[in-house]
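Here's a quick tour of some ring contacts and one helix pairing. Have the structure open as you read.

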Amino acid sequence: MKSVKNGRDGRTRIIEGALRRFSQDGVSATTLASLREESGVSVGSFYHHFASKEHVFGVLYAEILTAYQSAFLAELVSHEEARDGIEAVVAFHMRWAGEHPERARLLVSERPPRKHEPGGAEVAEERRAFFRKVSDWWRPHMKNGLLQPVHPTMCYVLWLGPAQEMCRLWFAGAHTPTDEEIRGLGEAAWQSLRQRSG
């Protein structure tokens, strides 16, 4: 029983240490040695759980993305009105970034793993499932003439692009967003995504 517990603890320590190192130094500047040092595990323990630094990153990125998307969807589907949903998700995004700065920094600043890379297939599948669920919420509002028919990529850029840029400034220590500015980002997202008659 003890070895199972230690194994699980080792994996958890590696993931937690990687989150600290990756968010502080970036993935490319983080070495395998610094990952092991941060997590306090032996070489053998590290390789028992992960094949490489890239493997750790892929698993960590997939875990963070899954948690973020799950919380995003929970917020979205709690709003029946189109405008309420659009604006609430922007506020949620900024709140989540403030509550999980290391995780948010990783999602904002690092390239997601590609399909052939560790974690890439999981990330691609999570994204497909996520966009399907967002589309399920979006479609009735589009048919009712409230929201534009937009491609998922364009939808994401118009909806959360400005909020992502605000997060980058926030994480760089250049600007801390005010509640009024966050409301403004929500309003801008609504104006970008709503259908205009005539």
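## Phe46 and its partners

In this predicted model, Phe46 has 0% relative accessibility, so it counts as buried. Tyr47 sits at 44% relative accessible area, which makes it partly exposed.

The ring centres of Phe46 and Tyr47 are 5.4 Å apart with the planes at 85°; planes over 60 degrees apart count as edge-to-face, so that is the label for this pair. Phe46 also pairs with Phe50, this time in a tilted arrangement, with 6.2 Å between centres and 45° between planes. Phe50 is buried, and so is Phe46.

## The wider ring picture

How many aromatic pairs are there by this rule? The count is 14. Ring pairs also tie a set of residues into a cluster: Tyr68, Phe72, Phe92, Trp96, Phe130, Phe131, Trp137, Trp138 and Trp159.

There's a charge over a ring to look at too: Arg105 lies over the face of Phe171, 5.0 Å from the ring centre.

## Helices α5 and α8

Two packed helices are described by the angle and the distance between their axes. For α5 (residues 82–99) and α8 (residues 152–171), the axes come within 10 Å and cross at roughly 20°. Angles under 35 degrees count as roughly parallel, and α5 and α8 therefore get that description. The crossing is right-handed.

On the α5 side, the contact is made by Gly85, Ile86, Val89, Val90, His93, Met94, Ala97 and Gly98. From α8 come Trp159, Leu160, Ala163, Gln164, Met166, Cys167, Trp170 and Phe171. Two of those names came up earlier: Trp159 belongs to the ring cluster, and Phe171 has Arg105 over its face.

Note on methods:
Residues are numbered from 1 along each chain as its sequence is written. This is a predicted model: local features need pLDDT of at least 70, side-chain atom pairs count only at pLDDT 80 or more; totals for chains, interfaces and linings use all residues. Side-chain values use heavy atoms; hydrogens and water are left out. Rings of Phe, Tyr and Trp (its six-membered ring) pair if their centres lie within 6.5 Å; planes under 30 degrees apart count as stacked, over 60 as edge-to-face and the rest as tilted. Buried means under 20% relative accessible area, exposed over 50%, partly exposed in between (1.4 Å probe, protein chains only). A charge sits over a ring if NZ of Lys or CZ of Arg is within 6 Å of the ring centre and within 35 degrees of the ring normal. Axes are lines fitted to C-alpha atoms, for helices over the stretch in contact, and angles run from 0 to 180 degrees between N-to-C directions. Helices (H or I, at least four residues) and strands (E, at least two) are DSSP runs, numbered from the N terminus. Angles under 35 degrees count as roughly parallel, over 145 as roughly antiparallel, 65 to 115 as roughly perpendicular and the rest as oblique. A crossing is left-handed if the near helix is turned anticlockwise from the far one by less than a right angle, and right-handed if clockwise. Contact means heavy atoms within 4.5 Å.
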